[in-house]
Amino acid sequence: MKTQLRILVSSVVIMATMRESMGFLYQEMHIHIVNWLENKGTLMMHCWSKDNSLGTHYLEYKENFQWQFSNELFFGHTKYECYLEFYNGSLPNRGHFVVYDSKKKTRRRDCFKHCMWGVGVYGLYAFDEIDQRWDYEIPWPSKNTFE
């Protein structure tokens, strides 16, 4: 019984240190959203997950907002959504976008460490980490699901 308890405690300690030392169970992710509105307007954004709200932010042309989090690779589910709004002349454009979901594809190509989004008047552009280029992804308004 003592041996089993020692093995259990040792396993817990090893698993706890793996997160920091090897990144085995967790993956550090970075989300970047940049205002590329061709009309050089202000982009209003509010992003959230089920656990927290990142607040409302107003991005001027070429400004970006970014955050990072640890994504549990095997058992967790991390999803970040954003409500985006800007004015194109006197007409508002509004959309709800899923910018990251660990269980569902939200982009044509996966992001591995940096999920970078550019917001334009025609929709969202995603940075492809493999090809090192920006691709047009999601028009306004959005459903952004790729099955």
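**Exercise 1.** In this predicted model, work out how many bridges join β8 to strand β9, and in which direction the two strands run.

*Solution.* Start with the pairing: 6 bridges join β8 to β9 (residues 133-139), and the two strands run antiparallel. For a register mark, look at Phe 127, which stands opposite Trp 134 in β9. Next, follow the chain through the turn: the hairpin of β8 and β9 has 4 residues between the strands, and there Gln 132 takes a positive phi near 55 degrees.

**Exercise 2.** Now turn to the other partner of β8: find which residue stands opposite Gly 123.

*Solution.* Strand β7 (residues 114-120) is joined to β8 by 4 bridges, again in an antiparallel arrangement. Within this pair, Gly 120 is the residue opposite Gly 123. The connection is a hairpin with 2 residues between β7 and β8.

**Exercise 3.** Decide whether strand β8 is largely enclosed or not, and say why.

*Solution.* Take residues 123-128 and apply the cut-off for buried, under 20% relative accessible area. Of the 6 residues of β8, 6 are buried, so the strand is largely enclosed by the rest of the structure.

**Exercise 4.** Locate the disulfide, give its handedness and say which strands hold its cysteines.

*Solution.* The structure holds 1 disulfide. Its partners are Cys 47 and Cys 82, with sulfur atoms 1.9 Å apart. The torsion about their S-S bond is about 105 degrees, so the disulfide is right-handed. Cys 47 lies in strand β2 (residues 43-48) and Cys 82 in strand β5 (residues 79-88), so the pair ties together parts 35 residues apart in sequence. Finally, check accessibility: Cys 47 is buried at 1%, and Cys 82 is buried at 0%.

Definitions and conventions
Residues are numbered from 1 along each chain as its sequence is written. This is a predicted model: local features need pLDDT of at least 70, side-chain atom pairs count only at pLDDT 80 or more; totals for chains, interfaces and linings use all residues. Side-chain values use heavy atoms; hydrogens and water are left out. Buried means under 20% relative accessible area, exposed over 50%, partly exposed in between (1.4 Å probe, protein chains only). Two strands pair if DSSP finds at least two bridges between them. A disulfide is a pair of cysteine sulfur atoms within 2.5 Å.
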